[in-house]
Amino acid sequence: MMRLLKYLKPYIGLILLAVVLLFIQAQSELALPDYMSKIINTGIQKNGIESAVPSAIRQSQMDKVLALMSDTDQVSVLAAYQLVDKNSANYQAVLSQYPTLADQAVYVLKTTDTAALTQLEPLMAKGLLTVSGIEAAIADPAKAQQFAQGGMDFSKLPAGVDVFSYVKQLPAAVKSQITTKIDETFASMTESMLLQSAIPVVKTEYNALGMDTTAIQTGYILRVGGLMLLVTLLFTICTIAVGFISARVAAGLARDLRQALFTKVESFSKVEFDRFSTASLITRSTNDVTQVQMLVIMALRMIFYAPIIGVGAIIRAVNQSVSMSWLIGLAVVILLGLIITVFSIALPKFKIIQSLIDRLNLVVRENLSGMMVIRAFNNQQFEENRFDKANKDLTSTSLFVNRIMVVMMPLMMLLMSSLTLAIIWVGAHQVAESTLQVGSMMAFIQYAMQVVMSFLMMSIMFIMVPRASVSAGRIADVLEVSPVIVDPRQPKALAKPVKGQVEFEHVSFRYPGAEEDVLHDINFTAQPGQITAIIGSTGSGKSTVVNLIPRFYDVTEGAIRLDGIDIRELNQKDLREQIGYIPQKGLLFTGTIESNLRYADEGASEETLAQAARVAQASEFIETMPDGMRSEISQGGSNVSGGQKQRLAIARALVKKPPVYIFDDSFSALDFKTDLALRKALKDTTGDSTILIVAQRIATIKNADQIVVLDEGKVVGTGVHHELMESCETYREIALSQLSKEELA
Amino acid sequence: MSMHSQPQPSRQLRRPGGGPGGGPAIMRGGEKAKNFKSTINRLLKVLAEYKVAIGIVLLFANASTVFSIIGPKIMAKATDRLFEGVMAMIAGTGTGIDFDYIGQVLLSLVFLYVISALFSYIQGWIMTDVSMRITYKFRKDIAAKINRMPLRYFDGTSHGEVLSRMTNDVDTISQTLNQSLTQIITSVITMLGVMVMMFSINWLMTLVTLLVVPLSAVIISLVVKRSQKYYKAQQEYLGHVNGHVEEMFGGHVVVKAFNGEQKSVETFNQLNNTLYNSAWKSQFLSGMMMPIMNFIGNLGYVVVCVLGGYLAAEQMITVGDIQAFIQYVRSFTQPIGQIANTSNVLQGAAAAAERVFEFMDEPEETPDTAAPLVLDHVEGRVEFKNVHFGYNPDKIVINDFNAKVEPGQKIAIVGQIGRAHV
């Protein structure tokens, strides 16, 4: 994948945007359990009252609270509140909020400074709890008993004296004694417990102020719920946006890669085609590109997201409870252990399965292609046994792997459930110690699940990404190749009109990477207006000779000259303009017969097309087709026969009317009668062109002006038929193997 | 992952579902079996051989699902007792948290979850076994069938086609059996079970969360409709692009010889751009499913939190119930997608099974004569007497051919190409 990075460059902005969006997406997804915990901790448990510092307090009640405070504490409390009475400017506004104001003055919280409020919370909680405790004691003798044991015996008070006003009058030393006592009572309580316990007192105060506490609670829940809804919406918008970006980037990259590949491959010569093989180049430009496209989408939507949400969830979970994070760590370790164990057993088996499938395919393929032989020799039973063995091997290995893979799901579910249970158990103890609240514990469970899921996702990625990046590597292999055959920097131009003389001068050739020459020291000249035939047994290199002329390959040594100019000094386009090439297999393209013929010359007249067809002996069958020239040709020309394909390929070259014709064994699929008629017609039309014919049949080339005989890559004879019959042993052997003495004469 | 490394264009065009994927199967519209009902019936007949095993699988799958569904509700009891303890502590009453009770509940949950996992594994083990045995049998039958087929059949059918039935199609069937079948059944059980559990907790919250289902159904069908259109277009243009690539690479020498590179690249770029335009749209729309499903899931979550919070404040439900509900809502939205996908999965499996059955039903070669003559002294005299032959019955190649070949004679058969001398 790294090697394709430069193709991602145009999309770098979009990718960064996607990552930013993923961050927002993760943050909003992670915020939800936090809000849930707020609904439970504050909304339900604390009746929607967020702070132990009441937003307002009756003056009478405040006096009581202040009475039991140290002087410094009194100052800081009073600083935070404003006393409102009938004469205050904001009387009306405050009245509507706290109806009790009509009867007595009310302290209203004025500070909004969070730091000050946090500091104030334990003070107010303590104060409020003490006041409510003392009040309860006065009302209930049983409780008073408790207080008495604590050192505060209200029964000692003179009858009719208010406790609070009494305390207020006490000398500072005594008072501080009392406040220390109070502090000691609360010392056993954790701060969180202290604050939570004060909430009911605050609620009572709110009721006393004439506020609707139910409305406060539902209002709080709805407010948090509304926020959750907004966050969910934000989350969805981000996800959709990321989906949009990833689709654009992935499809765009796929398009760019496909285009780069295609353009590159079109610049390849046969050298590169031999290196990669046509089938492999096709797979790389189609399937492999799709694989990369999928990989990019996966990367943008999941690979980047998993660590973001994983880390985020860990941070949030730790925020809820540091002391329980070891549970998550343990679960992740078990999860990774599980995945590593399962895959270290299964992955090597996957490779074995792939090779067993190949084996099965091979057996069937052989069975299919050798069917005639198998049936003729009655070997069906043997083949079936062979197949059965392959089938059994595949089945038993797949069974093994599947049984292991089946373990994954139940164990994963068990792990997650156990983690939840463990969190509840450990969490319950922390709740008992008041270091954790129930809502936070529930949020912690959800964060823990998210952490586990993200690790699960990441480990799946680690398994999948290397597979997909194999495709990326295969694409890069093609893109990084520089074609061997390129145009010269300063190309020469052919003198017009081009005569078409082709001259081989000490030409040697070996395939790239091969150890031996295929062609060795070839010398001959093909003259305009003449037919030059190249003949030889299979593997003699005769096709290779003509493949060198349009520069499908470049010569290893020596030179080929067209009208005296080395073809390597010409532009490939200019060179090929002069050549009418007819390939061994009549390769046709999808379209019509006409479009195939016009492939040689867009602007050819109807006349030219008809004449080319006539010369190529193709008119006869074209006319019998219902649509004539406009008959459809399917992909690869599969709807016409081999002989018809060859004739159309010849007609196509004729449409071009080039100075040089190359027939690369193009008569092989024609019967002798058609072959003869075609050659006769050719001679009349090609006129001054140079004609090179590669053939296996002596009859095809018997009348050529010049015959070059090849044997194992060397020229063993040049001349006309009767000369070669005399002088060339190889030629005579070929000739005698095909024709009788009388025919040859 | 295709099993063949070689490109098989015709197949890809015919089977978009099997080609390079794009989004969940639900987007693909899938291919359909010509005769869905009879194919499924026949497949069921094959399955009937394993009915005891499949019965056990269903039993265990359902038991495992039910156990895991009960879990959250029991867990709620632990949470509730915990919450009660806390509230009591705050109020200054009570004796703290009842750890004995919570411990008991959690232990019973551990037991439940272990049993559930065990059942789920046993279920998976047996189903793997069944599907593998069926796969083996299908392959064996196809291989045996190949040897009984008349040679004529393979003139009209490529080897790749036959191979593909043996590997891809059989694989699709086995995958469907192994994963989708139990998944579909457990999805239904999960949905029903979760619904029952939710109703048992609080009907009002359940009704409100269930409102999410038709909402999601409408949104999903809208998205699917649009995205299927683009998916089909994408597959079609992908076919064009791939076709062009194959053709141009296959005919590379001709392209080069006739200086057709530039034109070929131009055509390609045009096709490629068209593909891009439908590809990203298709990708984007099919990618919308997840966020929308997530949104609906989170919507349910918010509803549970808000409504649950309100009801809990009113003392109508407990905090544990909210926790259980959150778990249920999460496991409720999941199977919706799976069930929505069911028909596609089944259609795909049916289409694959149909191709396999089609092959199995092809007429076979004339079996050997019942009472073959035994040749004991073979001289090698071959006589053709009024022989007619055609590769296809409607295209006779050899008409009334008579010839006698005596031992020791050499006979030549001469004719123009395509004149049937072979």
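# Two chains, questioned piece by piece

Reader: How many residues of chain A are in contact with chain B?
Author: Two residues are in contact if their C-beta atoms, placed from the backbone, lie within 7 Å. The model is predicted, so local features need pLDDT of at least 70 and side-chain atom pairs count only at pLDDT 80 or more, while totals for chains, interfaces and linings use all residues. Residues are numbered from 1 along each chain as its sequence is written, and chains are lettered from A and ligands numbered from 1 in the order in which they are written. Chain B brings 97 residues to the meeting, and the number from chain A is 104.

Reader: Which helix gives the largest share of the side of chain A that touches chain B?
Author: Helices (H or I, at least four residues) and strands (E, at least two) are DSSP runs, numbered from the N terminus. The largest share is 28 residues, and these come from the stretch 213-266 of chain A, which is helix 11.

Reader: How many residues of the side of chain A that touches chain B are nonpolar?
Author: Ala, Val, Leu, Ile, Met, Phe, Trp, Tyr, Cys and Pro count as nonpolar, Asp, Glu, Lys and Arg as charged, and the others, Gly among them, as polar. Sorting this side of chain A gives 15 charged and 34 polar residues, and the nonpolar ones number 55.

Reader: At roughly what angle do the axes of helix 2 and helix 15 of chain A cross?
Author: Axes are lines fitted to C-alpha atoms, for helices over the stretch in contact, and angles run from 0 to 180 degrees between N-to-C directions. Helix 2 covers residues 12-45 of chain A and helix 15 covers residues 305-320 of chain A. Their axes come within 9 Å, and the angle is roughly 35°.

Reader: In which sense, left-handed or right-handed, does helix 2 of chain A pass helix 15 of chain A?
Author: A crossing is left-handed if the near helix is turned anticlockwise from the far one by less than a right angle, and right-handed if clockwise. For helix 2 and helix 15 of chain A, the crossing is right-handed.

Reader: Which residues of helix 15 of chain A make the contact with helix 2 of chain A?
Author: Helix 2 of chain A offers several partners, including Leu22(A), Phe23(A) and Asp34(A). From helix 15 of chain A come Tyr305(A), Ile308(A), Ile309(A), Gly312(A), Ala313(A) and Arg316(A).

Reader: How does helix 2 of chain A run against helix 11 of chain A, roughly parallel or roughly antiparallel?
Author: The two axes come within 8 Å and cross at roughly 160°. Angles under 35 degrees count as roughly parallel, over 145 as roughly antiparallel, 65 to 115 as roughly perpendicular and the rest as oblique. Therefore helix 2 of chain A is, relative to helix 11 of chain A, roughly antiparallel.

Reader: What is the crossing of helix 14 and helix 19 of chain A, left-handed or right-handed?
Author: Helix 14 spans residues 287-303 of chain A and helix 19 spans residues 438-479 of chain A, with axes that cross at roughly 150°. Among the residues that meet are Val292(A) of helix 14 and Met461(A) of helix 19. Their crossing is left-handed.

Reader: How far apart are the C-alpha centres of domain 1 and domain 2 of chain B?
Author: Domain bounds come from an automatic or database domain assignment. Domain 1 of chain B takes in 32-202 + 321-367, and domain 2 takes in 222-316. Their C-alpha centres are separated by 28 Å.

Reader: What percentage of the 422 residues in chain B is buried?
Author: Chain B has 11 helices and 2 strands. A residue is buried if 20 or more other C-beta atoms lie within 10 Å of its own, exposed if 12 or fewer, and partly exposed in between, with C-beta atoms placed from the backbone. For chain B the buried share is 44%.

Reader: Which proline of chain A is joined by a cis peptide bond?
Author: Most peptide bonds are trans. Here the bond after Lys496(A) is cis, with omega about -10°. The loop between helix 19 and strand 4 (502-509) of chain A holds its partner, Pro497(A).

Reader: Is Asp665(A) buried or exposed?
Author: Asp665(A) sits in the loop between strand 12 (660-664) and helix 26 of chain A. Its phi is positive, about 55°, although it is not a glycine. With 21 other C-beta atoms within 10 Å, Asp665(A) is buried.

Reader: What about His506(A), buried or exposed?
Author: His506(A) belongs to strand 4 of chain A and has a positive phi of about 45°. Because 12 other C-beta atoms lie within 10 Å, His506(A) is exposed.
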